[in-house]
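Hi,

Here is the structure I promised to send over. Have a look at it first, and then read on for what turned up when I went through it.

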Amino acid sequence: MSHHEMPSNTTCSRFRIQHFAQAKEKGQPITMLTAYDALIAPILEDAGIDVLLVGDSLGNTVLGYDSTLPVTLEDMERATGAVARSTRHVMVVADMPFGTYEADAFTAYTHAVRLMKAGAHAVKLEGGAARTQAVQTLVQGGIPVIGHLGYTPQSENTLGGPRMQGRGDTGRILREDAHALQEAGACAIVLEMVPADLARQITEELRIPTIGIGAGPHTDGQVLVWSDMAGMGSWAPSFVKRFGEIGESLRLAASAYVSAVREGSFPAQGHYKEQ
């Protein structure tokens, strides 16, 4: 395989930062899902995913919080390490949690280094023009950065909850933020819950790829929370397509186990040795 070709996750090649640009140039959609542990990450990798995002959504999906705000840097280090150690070919991107990058660029770099040491290949942070100094500092220090615009969950208290962003005049600001992040050195930008027409416009204007979530079909890639995608819970956002019903399958398996133990059919011969 020449170095100009896109990697396949069935080979020994890893999806790397240069492949973002190559994917956009070739019109090859980028696939991204979240992952938080060594149980799920290799399964998603085997499915051919390009990028695994160790999202601070683990606060909601794994840790039982009602938002991402309580997630700590230590939480993210532990999850990032688990995903990185259990995969070989995907690019591992770690979210920078709330409170670890907003104050100043030096603080952002210090905390991002910890995520890279845990095994990340890039970090993601939320916000637009106000984050450009942090993005520049990280990139200059050898840390690839993915931006995140639109609905940014860490700012839910100032945004008024999970609401569509970029309608009306705010669309111009969002476009300006996207360009600011690109010029600061971001290698890609996640667009969350923005109108599809705006997402298309930003995607066409930028040199770097966009990855959408609830932003329509015109971005350069898509990302979902894996448990939403796989049907683990009873509820998912309206922009999610459930590609499976893993939650129900797990419930049925556990129910069958409970019944087998209670009726004495498990363990049966073949599941143990007499001596």
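Let's start with strand 3, residues 91-95, in what is a predicted model. This strand is mostly covered, with five of its five residues buried. Side chains in a regular strand alternate between the two faces of the sheet. Here M91, V93 and D95 point one way while V92 and A94 point the other way, and all are buried. So both sides of strand 3 carry buried residues, and that includes the aspartate, D95.

What does strand 3 pair with? Strand 2 (residues 51-54) is joined to strand 3 by four bridges, and the two run parallel. If you want a spot to click on, V54 has A94 as its bridge partner in strand 3. Strand 4 is joined to strand 3 as well, by three bridges, again running parallel. There, V93 stands opposite A122 of strand 4. To get from strand 3 to strand 4 the chain passes through helix 5, and this β-α-β crossover is right-handed.

Next, helix 6, which spans residues 132-140. Its buried residues include A134, V135 and L138. Why do these three sit on the same side of helix 6? Because they cover an arc of only 100° around the axis. The general rule behind this is that an α-helix has 3.6 residues a turn, so residues three or four places apart point the same way. Turn the model around and you'll find the exposed residues Q133 and Q140 on the face turned away from the buried side of helix 6.

And what do the buried residues of helix 6 pack against? The list is helix 5 (105-118), strand 4 (122-124), strand 5 (145-150) and helix 8 (170-184). Helix 5 and strand 4 are thus partners of helix 6 as well as parts of the crossover from strand 3. Just for the backbone fans: helix 6 is followed by G142, which has a positive phi, near 90°.

Last, the largest pocket. Its volume is about 1000 Å³, and 45 residues line it. Nearest its centre are S57, N60, T61, V225 and D228. Elements giving two or more residues to the lining are helix 3 (58-61), strand 6 (188-192), strand 8 (221-224), helix 10 (226-229) and helix 11 (246-263). Which of them gives the most? That would be helix 10, with four residues.

Cheers

Technical notes. Residues numbered from 1 in each chain as written. Predicted model: local features only at pLDDT ≥ 70, side-chain atom pairs only at ≥ 80, totals over all residues. Heavy atoms only, no water. Buried < 20%, exposed > 50% of the residue type's maximum accessible area, 1.4 Å probe, protein only. Arc of directions from axis to C-beta. Contact = heavy atoms within 4.5 Å. Pairing = 2+ DSSP bridges. Right-handed = clockwise from strand over helix to strand, strands pointing away. 1 Å grid on protein atoms, 1.4 Å probe; cavity = no way out; pocket = protein on both sides within 12 Å on 5 of 7 lines; lining within 4 Å. Points joined across faces, edges and corners; volume = space filled by probe spheres on them.
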